[in-house]
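Take a look at the chain below. The walk-through starts with the overall fold and then turns to how its parts meet.

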Amino acid sequence: MAGAGLDRIVHASYIEGLDPLDLAARAEVALQLVDGETGLAAVDLLEPPR
């Protein structure tokens with residue numbers, strides 16, 4: 001699991017130019033949206049943002 005997390009951090013840094021703290025903030029917001037008015041399920045977070 002740690003390897004997958006590091007992979008996402010490195011990918012976000014190289015591809016999207018995101019700092020690790022920005023990526024963590026994005027993840028926090030996404031988790032807050034689960035089961036809210038958006039109708040997102042936790043599995044929807046696995047899809048890349050469009």
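What follows goes from the whole chain to its helices and their contact.

This is a predicted model. The protein chain has two helices and zero strands. Its C-alpha trace spans about 30 × 20 × 20 Å along the principal axes. The protein chain has 50 residues, and 8% of them count as buried. The exposed area of the chain is about 4400 Å². Carbon and sulfur atoms supply 61% of that area.

Now the helices. Helix α1 covers residues 2-16, and helix α2 covers residues 20-33. Helix α2 allows a check on its length. It has 14 residues, and at 1.5 Å a residue they should span 20 Å. The end C-alpha atoms of α2 are 20 Å apart, so the expected span and the model agree. After α2 comes Asp35, with a positive phi near 65 degrees.

Next, the packing. Two packed helices are described by the angle between their axes and by the distance between those axes. For α1 and α2 the angle is about 110 degrees, and the axes lie 9 Å apart. Angles of 65 to 115 degrees count as roughly perpendicular. The two helices, α1 and α2, are therefore roughly perpendicular to each other.

Which residues of α1 and α2 make the contact? From α1 come Arg8, Ile9, Ala12 and Glu16. From α2 come Pro20, Leu23 and Arg26. Sorted by class, the contact of α1 with α2 holds four nonpolar and three charged residues, and no polar ones. Ile9, Ala12, Pro20 and Leu23 are the nonpolar residues there. Arg8, Glu16 and Arg26 are the charged ones.

Conventions:
Residues numbered from 1 in each chain as written. Predicted model: local features only at pLDDT ≥ 70, side-chain atom pairs only at ≥ 80, totals over all residues. Heavy atoms only, no water. Axes fitted to C-alpha atoms, helices over the stretch in contact; angles between N-to-C directions. Helix = DSSP H or I, 4+ residues; strand = E, 2+ residues; numbered from the N terminus. Parallel < 35°, antiparallel > 145°, perpendicular 65-115°, else oblique. Contact = heavy atoms within 4.5 Å. Expected span 1.5 Å × (residues − 1). Buried < 20%, exposed > 50% of the residue type's maximum accessible area, 1.4 Å probe, protein only. Areas by Shrake-Rupley, 256 points an atom, 1.4 Å probe, with all protein chains shown as cover.
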